[in-house]
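Visitor: I have a few questions about side-chain contacts. Can we start with the cysteines and then move on to the rings?

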Amino acid sequence: MEEVKIGVYVCWCGTNIAKMVDVEEVAKEIGKYPNVVIARDYKYMCSDPGQELIINDIKKLGLNRVVVSACSPRIHELTFRKALEKAGLNPYLFEMANIREQDSWVHTDRVEATRKAKDLVRAALHKVLFHEPLSERTVEINPATLVIGGGIAGMSAALEIAGAGKKVYLVEKMESLGGMMARLDLTFPGLESARDNLQLTVARVMKDPNIEVYTNTVIRDIFGYVGNFECIISPNFKEDISLQFGNVVVATGLKTFDPSVIPEYKYGQLPDIYTSHEFEGMLTSGRIVRKDGRPPENVAIIHCVGSRNRNYHEYCSRVCCMTALKYANQLRSALPEANIFEIYADMRAMGKGCEELYSLSSRRKIMFLMFDQQGPLPVIRKAGSRDKCDYLITLQEKLSGQDIEVPADMVILMVGTEAREDAKEVAHQVGISMCGNAFFIEKHPKLDPVATTTNGVYIVGSCQGPKDIPDSISQARAAAARILGTIAQGSVTVEVTTANVNEELCCGCQTCIKVCPYTAISFKEEEKVSFVNEILCKGCGTCGSACPTGAITCRHFTDRQLINQIEGLMRMDVEPELKEV
Amino acid sequence: MEFQPKIIAFLCNWCSYTGADLAGTSRIKYAPNIRVIRVMCSGRVDPTFVLKSFTEGADGVLICGCHPGDCHYHEGNYKCLRRYHLLVKYIEQMGIRPERLRLEWVSASEGKIFAEIVNEMVQTVKALGPSEVKTVVETLT
């Protein structure tokens, strides 16, 4: 058997790791172990020179195993696997020890953190000894795409993919396309008609021969894997149809916050208090009037309703400030004599043309009043018979430091946005995760913002977090580009860390078949043994833990590898066992 | 010197390992006694791994998986839960205090909760003292 030669690389990550972990000491200690041919520490292992270091060592020293001790494998495992591949070594003969996210960043005692780093690297060393070369498998890509959600994001993705001549199934729950944008009158900051822009898009979608639109349709079930998905839909809640496709774009959007839970604003209790979305409807109809038909003389617009507040949502809903300025401008044009109050917490005017809209608004006789979002909220109450208005809003004005009363005949609550109630259901169907606020989680917050941890599933628009129209469209097109890329390749590499059955050891008890969530295991009647369909297997390893005879190997997480990893964690001494491998 | 236990934690890749990473990116501090082993799913945690950890001298074993209903592989965490209940009984019969084995659900967004669980468990295990297994081994050798 070939002698095992391991290279160990301990990353400083600048000061991120080196500040709390004595990286030189870790490398020195690990260098003492048998089979470790080289142990180095380096400032940034993920940098090009860092990777070159590994590649050169593999070539010069004939390394056949590599351990990198750095950040989380979720960040850079792939980077280093690629480096191994470049050097001609199988990428799976590699293991990472996470000494940043799970060590240097969470501990305060350098001695303890260094001790922990040594344990983790030693464990990785023990595990990598038993790693086996695995060859990547590829599957063909079905060139069709499923887009879930017919809002502006979903439609943009569909158009882009269809424009390249590929089939798209666009599924929308509601009766018509358009989503949230269909409820808007004008868009900020340019105050253009939302409807004009939307209708153009809808018309293009309806005319495109490559897009099959299913409105009033829910998705019953999605199964399969990247390149080969299948789903069951029931258009108009009638008979079921099955669709086949290779990629999925999730563009399910968001919903608005219900302000009736905020007692201070008395929404639903007093007549002329509207959510921004109700007011939008008023603008579309062209009549800004109170319930009794009279136009308001005083209009107050309250910002951050349900947003940026620990009691409701901590995050910023992103579009409300600019929408509020849009309203103020529309109100000023429609009611030249009315008093308009913007009651805001902080004005968020980032983005092209937005600060300019703010500046324009401030020149149109609009009163800006600030309240402290951390302090008590403004309180709306019914005005007395002698007041010349319907309501009075009391607030602590932050800039003047005074308690003031604002007259209002109409109040617009700038409601925040939140994940839809069915987000969890969608997440389950396509196998993606949600963050604490129930928005879907992208694969990497910076480097991979539209992909997800499930291959072939992309998230675009507001289902990933509050977003305006241009950003939603950018994301949609980014996802389309990613999908067209995989379609152009024709095939995609799939999970190689699957399970397989050693037929010699299999006793035919079929326990594995019962625990497999993917029905990937079947029973060969003649041989009386289990068999894993590796295309269906996703590598969870549950069957491996249930197998009573040890016949099932979960590749890359084998019993032997994990048991050795445990030993590596617990045994401080230099292991003579290592030499025998 | 205060007893510093060593606790082995098996974390599922999709929820709990990501949650532990989030504790890191959020710079939430917790006790350094935990040593993490990443598995793809809590369903992969073979009872042998838990017993092996105890025989190797771990003072505690923590298993973390996705919340019920949120498993990346649909139901691996339920399989883990069933094995956990059996394991607790088993280790108790072996003379290991059942509090040394713990199963918790930690989602990808629960970095803070992960840190709290670790701290709590370290406290519990510190109070229990070194693992009964170690005492037996020391007596025998």
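Guide: A disulfide here is a pair of cysteine sulfur atoms within 2.5 Å. The model is a predicted one.

Visitor: How many disulfides does a search of the whole structure find over all chains?
Guide: Zero.

Visitor: Which cysteine sulfur is closest to that of A:Cys509?
Guide: That of A:Cys507, at 4.0 Å, which is too far for a bond because the cut-off is 2.5 Å. A:Cys509 is partly exposed, with 35% relative accessibility.

Visitor: And A:Cys321, how far is its sulfur from the closest cysteine sulfur?
Guide: The distance is 5.6 Å, to the sulfur of A:Cys304, so again there is no bond. A:Cys321 is buried, at a relative accessible area of 8%.

Visitor: Rings next. How many aromatic pairs turn up over all chains?
Guide: The search gives 10. One of them is A:Phe80 with A:Phe94: the ring centres are 5.9 Å apart and the planes meet at 35°, so this pair is tilted.

Visitor: Why does 35° make it tilted?
Guide: Because stacked needs planes under 30 degrees apart and edge-to-face needs over 60, and the rest count as tilted.

Visitor: Where do those two residues lie?
Guide: A:Phe80 is in helix α3 (residues 73-86) of chain A and A:Phe94 in strand β4 (residues 94-98) of chain A, so the pair ties together parts 14 residues apart in sequence. Both A:Phe80 and A:Phe94 are buried.

Visitor: What about A:Tyr358 and A:Phe368, what kind of pair is that?
Guide: Edge-to-face, because the planes are at 65°, with the ring centres 5.5 Å apart. A:Tyr358 belongs to helix α10 (residues 354-362) of chain A, and A:Phe368 to strand β19 (residues 366-370) of chain A, 10 residues apart.

Visitor: Is A:Phe368 buried or exposed?
Guide: A:Phe368 counts as buried at 17% relative accessibility, whereas A:Tyr358 is partly exposed at 21%. Ring pairs also join A:Tyr344 to these two in a cluster.

Visitor: Which arginine lies over the face of A:Phe130?
Guide: A:Arg560, at 4.6 Å from the ring centre. In chain B, the charged end of B:Arg38 sits over the ring of B:Tyr17, 5.6 Å from its centre.

Visitor: Change of topic. Which residues are buried in helix α2 (residues 47-55) of chain B?
Guide: Among them are B:Phe49, B:Val50 and B:Phe54. The cover over the buried residues of α2(B) includes α15 (559-570) of chain A, and also β1 (7-12) and α3 (76-93) of chain B.

Visitor: What comes just after α2(B)?
Guide: B:Gly57, with a positive phi of about 105°.

Definitions and conventions: Residues are numbered from 1 along each chain as its sequence is written. Chains are lettered from A and ligands numbered from 1 in the order in which they are written. This is a predicted model: local features need pLDDT of at least 70, side-chain atom pairs count only at pLDDT 80 or more; totals for chains, interfaces and linings use all residues. Side-chain values use heavy atoms; hydrogens and water are left out. Rings of Phe, Tyr and Trp (its six-membered ring) pair if their centres lie within 6.5 Å; planes under 30 degrees apart count as stacked, over 60 as edge-to-face and the rest as tilted. Helices (H or I, at least four residues) and strands (E, at least two) are DSSP runs, numbered from the N terminus. Buried means under 20% relative accessible area, exposed over 50%, partly exposed in between (1.4 Å probe, protein chains only). A charge sits over a ring if NZ of Lys or CZ of Arg is within 6 Å of the ring centre and within 35 degrees of the ring normal. Contact means heavy atoms within 4.5 Å.
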